[in-house]
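User: I am new to this structure and would like a close look at one part of it. Could you walk me through how two of its helices pack together, and then show me what else is worth a glance?

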Amino acid sequence: MNNRKYAVDEIPLNERNMTYWDMFATWFGANANNGTWFIGGVIAAAGFFGGIVAMLIGGILAYIFLSLMGYVGYRTGATTTVLSRGAFGIRGSIVPSLINITLFLGWTAVNTFIAATSLAFIFHSLFRWPLFGQPGGNLGMVVGILIMSFLYILSIISGQRSVQLVERIGVILVIVFVLLEVIVVFKNVSISQLAHYRIPKLQQMPLGVAIDTIAAASLGWVVGGADFTRFTRSKKTAIRAPFWGALLGLMSFTIIGICTTISVALTSGTYDPNNSDPSIIANKLGLGLIAMVVIVLTSMTANAVNIQAGASALNNLVHKLSLNKALVVITLLSMILTFIPLLSGSFLNSFIAFLDYTGMLLGPIIAIMVVDYFILNQDHYTAQALADPQGKLWYQHGFNWIALGTLCLGVLLYLGLKSIPVIRTSVGATFITMGLVAVGYYLLTKGINRKQVN
């Protein structure tokens, strides 16, 4: 059997051009965006301090895994979905690849929808078009979605250099925007008021659920980590820059999402989780058209990462499709997906359902991949081995059934743990599931290999 079909697009050291600042800006920009702000607004239901604690626990643990995957990308020069061949088998990698595609399509759609909401406010100011939720309000959203999709294609079609430029400009705008938000929020309310605000009992979110929410969002970057660190020549850059960039981006926008959502509740007298949308908050706080434009631009910084990671996953599935064509396909598919909240009538409900989907799948996949590389098969992760249909990573007809079976068990375990009250109110199900899956995959692999030797 010819291994050309499974060829690995390995980036050699002499062709890598991402500096520490480029890598930091990529991951800071990936998190310093509308979707992260929205998540901050969602976990505001855990209270001011509860939301911050959940963000720190979930973010730090998730980005340790991002650093680990970043290191693997640096060492191998391969994308994350190609690396998944090592654990799941060369053919079995179709499973994490499909999950990656839906994951990054979903996040692209989330950011696009929020950016389109901002454009709808701009259209309302300029042309008096009705806002989303009002009769005829879908017009501005549809036009906004089409404009954003066109801008994404322009920003990523030129390749990695284009993505770097978008991130460099975007990070500066994001920092300015966060500072503007902080000034406006604390003109209206004090930290003491935010800290002592009580969320209505029926709308409160348990701490464990908040941690799972942050984990679901943050682990999404882990399965795209190697797609970017393979472009750096430095181990330090591959390990440290993603961790600190992603964590500081998460902290800045999650905290501002928590503060602005509670601030609107304090000033309006009503707590409404739908006010998590940054466009709605910016409008209610009177930030004007400039804020809406910056929200649109921050969407581009995040989706430059989402679209490229999704395209890499698609490229692993459809080998004849060039990366540029895969980028366009992912952009167009995400555009279609963005229309779902228009049909369902609730962006918040669609978003929470999406997080539930990602949470139950990402933890087990990442745990299996980390154990397989760092403990079981590190020496076999070469470009040749990852493409060889006659090598060790071919497993059984291209599938590692131990990994696939452990993934299924992990999903069931996550769903079971999530329903236990003490788990919901304390640490959440995600990281417990990852620990148990890691141990289970290791023991099963060792046990079955020992039987085969005997």
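Analyst: Here is a walk through one helix pair, followed by a salt bridge and two loop residues. Please keep in mind that this is a predicted model.

Let's start with helix 3 (residues 48-76) and helix 9 (residues 207-222), whose axes lie 8 Å apart at an angle of about 30 degrees. Angles under 35 degrees count as roughly parallel, so helix 3 is roughly parallel to helix 9. The crossing of helix 3 and helix 9 is right-handed. On the helix 3 side, the residues in contact include Gly50, Val53, Ala54, Phe65 and Met69. Their counterparts in helix 9 include Leu207, Ile211, Ile214, Ser218 and Trp221. Sorted by type, the residues of this contact are 16 nonpolar and 4 polar, with no charged ones.

Charge does appear elsewhere. A search of the whole structure turns up 1 salt bridge, formed by aspartate 356 and lysine 418, with their closest N and O atoms 2.8 Å apart. Aspartate 356 sits in helix 16 (residues 347-377) and lysine 418 in helix 17 (residues 401-418), so the pair ties together parts 62 residues apart in sequence. Aspartate 356 itself is partly exposed, at 34% relative accessible area.

The loop between helix 16 and helix 17 holds tyrosine 395. Tyrosine 395 has a positive phi, near 55 degrees, though it is not a glycine, and it is partly exposed at 26% relative accessibility. Arginine 128, in the loop between helix 5 (94-127) and helix 6 (138-156), likewise has a positive phi, near 65 degrees. Arginine 128 is exposed, with a relative accessible area of 58%.

Definitions and conventions. Residues are numbered from 1 along each chain as its sequence is written. This is a predicted model: local features need pLDDT of at least 70, side-chain atom pairs count only at pLDDT 80 or more; totals for chains, interfaces and linings use all residues. Side-chain values use heavy atoms; hydrogens and water are left out. A salt bridge is a side-chain nitrogen of Lys or Arg within 4 Å of a carboxyl oxygen of Asp or Glu. Helices (H or I, at least four residues) and strands (E, at least two) are DSSP runs, numbered from the N terminus. Buried means under 20% relative accessible area, exposed over 50%, partly exposed in between (1.4 Å probe, protein chains only). Axes are lines fitted to C-alpha atoms, for helices over the stretch in contact, and angles run from 0 to 180 degrees between N-to-C directions. Angles under 35 degrees count as roughly parallel, over 145 as roughly antiparallel, 65 to 115 as roughly perpendicular and the rest as oblique. A crossing is left-handed if the near helix is turned anticlockwise from the far one by less than a right angle, and right-handed if clockwise. Contact means heavy atoms within 4.5 Å. Ala, Val, Leu, Ile, Met, Phe, Trp, Tyr, Cys and Pro count as nonpolar, Asp, Glu, Lys and Arg as charged, and the others, Gly among them, as polar.
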